[in-house]
Amino acid sequence: MNNRPVELEVTNLCKYYNAGRKRVLKAVDDISFVIHKGETLGIVGESGCGKTTCGKTCIGMLQPTSGQVKYQGKDVHHLTKKERFDFSGKVQMIFQDPYASLDPHQKVYDIVAEGIRIHKLAQTKEEEERMVLELLDMVGLNSEHAMRNVHEFSGGQRQRIGIARALAVNPEFLFCDEPISALDVSIQAQIINLLMKLQKEKDLTMLFIAHDLSMVKHISDRIAVMYLGNMVELSPSSDLYRKPLHPYTEALLSAVPIADPKASRERKKIMLTGDVPSPVNPPAGCRFSGRCSRCTDICLNKRPELKEIEPGHFVACHLYNNL
Amino acid sequence: MSTLVNVKNLSVSYFTYAGEVQSVRGISFDIEKGKTTALVGESGCGKSVTSKSLLGLIEKPGVIKEGSQIFYEGKNILEFKDKEWFAFRGKECSMIFQDALVSLNPTMMVGKQIMENLQNHNDAHLSQSEIQKRAQEMLDLVGIPDSHACMNKYPHELSGGMRQRVMIATALITNPKLLIADEPTTALDVTIQAQILELMKQLQKKLGMAIIMITHDLGVVADIADEIVVMYAGKIVERGSNEEIFYNPRHPYTWALMNSVPRLDLDNKQELVTIEGSIPDMINPPKSCAFCSRCPYAMNICAEYEPETVDLGNGHQVACWLTDPRADITGVPFHTGGGKHE
């Protein structure tokens, strides 16, 4: 995978918010990573760790406080009007809530066709119709659904409409922000299978955000773990479970329930005490220091850097300083 | 083991303008004392309605149909008068909900809310200060640091996990014999979820209450349940012990549910099992097996007659035609218990 060209390059990305009374909320604090062409990068972390903010900043929906995001070599946040327009044809997004992200007044046909019209991908009305029906077919809806209103559909079907809309402009990059968390278990599997199939067919690059670790592991090639605005670990997805390096990753993985009673009983669980601290006033040094069982003096004062411990496996933790 | 609750032929319908929505259609099951029973199923399968019936919380246009019986320690609670319900709810049986911020009163201090439940069921005639002491003990028991300060806080000052702990403390202060937990960890992060599940297990050991756990997360079920009841379209399709259901599912719906979630501890990237189609319209549910239209192994008989519940021993019951000795089981990926054996 690594020999393919870099699609998205993020360097020292920071996104701060003004939290009032001269306080600063560091939602994303100094994050760097790359995504290669055709790869799926999953970002996991607890709520409030900055994964959505990070994703939104990466695709230019938010302006960063500092740092740079390059998509195919171009800075996402300093595009000309023309480049910006092309960018929106290449990068698309699938949202978490299929109820809130689709206009209830529009017909399914118009929702899917909007992107085709804006980017003038169809020369004639017939061609447009053919494209829309093809897209609906691709996501498992049929032609009679096209003229219906969104409110007539169930959650899983709406998510499919959202995917069809995102695919309408033939994107190269897909940002999926918790696309399955609002759906029932059996429907989740359908959407995940669909996304994986489409990725293979169209050679899509994906940034996949979810809090369901088992789903993220299933769909991603590499996984990034975030904690309080920092990236604490980045590794190939199979390595991450087999050999988590960061104490937080270890605890996070051990907290995920496993749908197997024997395995669930036998495995070792690491209980984290306390809650995630406020991002307005995070601990100095390592952000995880307050909840870490292996915390030392250096952790309280110095922030660990993300370092490559094994080929492709990065971790930000002082425990690995001497390796 | 003795039975605490015995649900017999429970049917609940909601009379709407569109017609009679048959949410629960004649289900029967038992809850053992001190055990955890998990109700599993997709949204709209009737699991929440079932638990609400146990607390007498079915409101118009919902109606518990005639012929339904719920025995709690031998008494049919569906015949309760308002006064008896008042003594029952919160005292014998408590409930905790998914969203603690909505369920707790935002304008009332945490301590007062916990005390309120015991004040309503003050059979031992405790004094006010004793009740307050009990409330603080409960906060200690559910693992809240600095319980004294917490008594005088409002719910919005606490984090999600802490609020869920407060709700558990409120529910358990009267020492109920049955705790109904409706998706108690769905809104929480995994690390907090693990804490709450561990807490529930500990409290069960200490206080000995039975738990009804309503959830769609099979990982949570595997972790906490003793018994599993799988519901589909208002009916119980399969029930049995935790291990029986996970390692020996006999119903195609159960099997598909188990295989539709990827396993974190296994390295496989194969396609997940999906259940195509959607749940039937509950205004006009099919007379035959309700899962028939989505079942890849459906036979002719499945669309004609409803399968009877078959007892497979060890408390494992399943309602599926595939358990019949005459069934065609070619291509069925799990052991059905029926079909021709060669």
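Me: Helices are DSSP runs of H or I with at least four residues, strands are runs of E with at least two, and both are numbered from the N terminus. What span does helix α7 of chain B reach from its first C-alpha to its last?

Reply: The model is predicted: local features need pLDDT of at least 70 and side-chain atom pairs 80 or more, while totals for chains, interfaces and linings use all residues. Residues are numbered from 1 along each chain as written, with chains lettered from A and ligands numbered from 1 in written order. Helix α7(B) covers residues 160–172, 13 in number, for which 18 Å is expected at 1.5 Å a residue, counting one less than the number of residues. The span reached is close to that, at 19 Å.

Me: Why is α7(B) described as largely enclosed by the rest of the structure?

Reply: A residue is buried if 20 or more other C-beta atoms, placed from the backbone, lie within 10 Å of its own. The buried residues of α7(B), among them R163(B), M167(B) and L172(B), pack against elements of chain B including α5 (128–141), β8 (178–182) and α8 (190–207); contact requires C-beta atoms, placed from the backbone, within 7 Å. The helix is largely enclosed because the buried residues number 12 of the 13.

Me: Which helix gives the largest share of the side of chain A that touches chain B?

Reply: The contact takes 34 residues from chain A and 38 residues from chain B. Helices α6 (185–202), α7 (213–219), α8 (237–242), α9 (247–255) and α10 (261–266) of chain A each supply at least two residues of that side of chain A. The largest share, 6 residues, comes from α6(A).

Key
Contact = placed C-beta atoms within 7 Å.
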